[in-house]
Amino acid sequence: MPKPQLTARGYQVVVVNYADTHRQDLAFKLAGINTVISLTSGPAQLALIDAAAQAGVRRFAPAEFEGPAAQRPQPDALDRGKRAALERLQYYQTRGMQYTSFVCGILYERFGPGGMIASGIGLRSGIGAEGDYLLHISLRRAQIPCGPNGQPGVICMTSAEDVGKFVAAALNLQQWPPELRMCGDRMDVSRLVQIAEATRGVPFEKAQYNMQSMQSELQFARSAGEIQAQLRAIALIATANGRFDFATPNLNTMVAVAPKRFQTWLQEAWQGR
C-alpha cells in the first residue's frame with residue numbers, strides 16, 4: 001500500500017505484489033538493486049527472497065533483528081517464518097547471493113513510553129505494547145525471569161536508531177558473514193529493573209519467575225486460549241534460556257558506530273513524563 005509519510009520525506013515507495021506466484025512483479029521492481037534489507041516476514045519474505053535471487057540481487061538481509069538463530073528452540077513459537085527464510089537464503093547462497101542476519105537482541109524501544117508499537121515497530125508481534133515484555137514502566141512493574149541456574153536472564157539490547165546506523169555502515173563491508181551482531185548494552189534483567197527504578201526515582205513491583213512458574217503461566221494461558229498471554233510467557237522463557245544474549249557482537253568491531261547505552265536512552269525517552 002502507498003506510504004505517504006515516507007514519500008513526504010523523500011523516499012521512493014514502490015507498491016509490489018507479494019502474492020504473484022511467478023515473482024515477476026517483484027523481480028521486475030528489484031532489477032538493478034544491489035542489496036535488500038527485509039522488514040517483512042512469513043510468505044511475503046519468502047517471495048521477496050525468491051524475487052531477489054531471480055533479479056540478481058547481490059546481498060539480502062532477512063527480517064531477523066533479535067537474538068542469534070542458533071539459540072532458538074525447535075519448534076519455535078516466536079518463529080514467524082524466520083527459519084524458512086534462513087533455509088531459503090542458505091540455498092541461494094550456494095548460487096551466489098550473499099546474506100546476513102542482523103542480530104541486535106532486544107530493541108530499547110520495548111521499554112519506551114507505549115512500547116515498541118508507539119514507534120511503529122512490532123505491530124504484528126502480539127507483544128509490542130508497553131508492559132508486554134519485562135517492564136511496564138508507567139505502572140512501575142517488572143518481571144524477572146530466571147534460568148535453570150536460578151540467575152536472572154541476560155539480554156543484549158540496541159536502540160532502533162543505532163540498529164539503523166549499524167546496518168547502514170555494514171553496507172560498506174565487502175563480505176557479509178551469516179550473522180552480523182551488534183549490541184548497545186548487555187545486562188541481566190535485575191540490572192535492567194534497577195536502571196528503570198533509578199530513571200523513575202521509585203521502586204517497582206517485582207515478580208520473579210523460575211522455569212517451573214513460567215511453564216505454569218504458559219500452560220494456564222494455553223488452557224484459557226489467551227494467545228497474547230502465551231506469547232508473553234514464551235518471551236519470558238526465551239529470555240531465561242538466553243535467546244537474546246550473545247557475548248561477541250562482531251559488527252561493533254567492524255564499523256565506526258558508537259551505540260547509545262541503555263541507561264542514557266531510557267532517561268531521554270522518559271524525560272518529562
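Start in strand β11, where the bridge partner of Arg141 is Glu205. Keep in mind that this is a predicted model. Next pair: Ala142, whose bridge partner in β11 is Lys206. Both pairs belong to the join between β7, residues 141–145, and β11, residues 205–209. Five bridges hold that join, and the two strands run parallel.

Now stay on Arg141 and look the other way. His136 stands opposite Arg141 in β7. That takes us to β6, residues 135–136. β6 and β7 pair over two bridges, and here the sense is antiparallel. The two strands make a hairpin, with four residues between them. Look at the turn: Arg140 sits there with a positive phi of about 60°.

Put the pieces together. The order is β6-β7-β11, three strands in an open sheet, and the pairing is mixed. Which strands stand at the edges? β6 and β11 do, each with a single partner strand, so each has one side left without a neighbour in the sheet. In general terms, strands of a sheet pair through backbone hydrogen bonds, either parallel or antiparallel.

Second sheet. This one is also open, with three strands in the order β1-β2-β3, and its pairing is parallel. The edges are β1, at 35–37, and β3, at 98–99; each has a single partner strand, so one side of each lacks a neighbour in the sheet. Strand β2 covers residues 59–61 and pairs with β3 in the parallel sense, over two bridges. For a landmark, find Phe60: Tyr99 in β3 stands opposite.

On to a loop. Ile117 lies between β5, at 106–107, and β6, at 135–136. Is Ile117 buried, exposed or partly exposed? Partly exposed, with a relative accessible area of 37%. Leave aside residues up to four places away in sequence, and Ile117 touches Gly122, Leu123, Gly128 and Ala129. One distance for this loop: the C-alpha atoms of Ile117 and Ile127 are 9.0 Å apart, and these residues are ten apart along the chain.

Now the helices. Two packed helices are described by the angle between their axes and the distance between the axes. Our pair is α6, residues 189–200, and α10, residues 262–270. The angle is about 35°, and the axes lie 10 Å apart. The crossing is right-handed. Who meets whom? From α6 come Arg191, Leu192, Ile195, Ala196, Thr199 and Arg200. From α10 come Phe262, Gln263, Leu266, Gln267 and Trp270. By type, the contact has six nonpolar residues, three polar and two charged.

Last topic: cysteines. A disulfide is a covalent bond between the sulfur atoms of two cysteines. How many disulfides does the structure hold? Zero. Take Cys146. The closest cysteine sulfur belongs to Cys156 and is 18 Å away, too far for a bond. Cys146 is also buried, at a relative accessible area of 3%. Then Cys183. The nearest cysteine sulfur is again that of Cys156, here 3.9 Å away, and Cys183 is in no disulfide. The cut-off is a sulfur pair within 2.5 Å. Cys183 is buried as well, with a relative accessible area of 9%.

To close, go back to where we began. Arg141 has His136 opposite in β6, and Glu205 as bridge partner in β11.

Key. Residues numbered from 1 in each chain as written. Predicted model: local features only at pLDDT ≥ 70, side-chain atom pairs only at ≥ 80, totals over all residues. Heavy atoms only, no water. Pairing = 2+ DSSP bridges. Buried < 20%, exposed > 50% of the residue type's maximum accessible area, 1.4 Å probe, protein only. Axes fitted to C-alpha atoms, helices over the stretch in contact; angles between N-to-C directions. Left-handed = near helix turned anticlockwise from the far one by under 90°. Contact = heavy atoms within 4.5 Å. Nonpolar A, V, L, I, M, F, W, Y, C, P; charged D, E, K, R; others polar.
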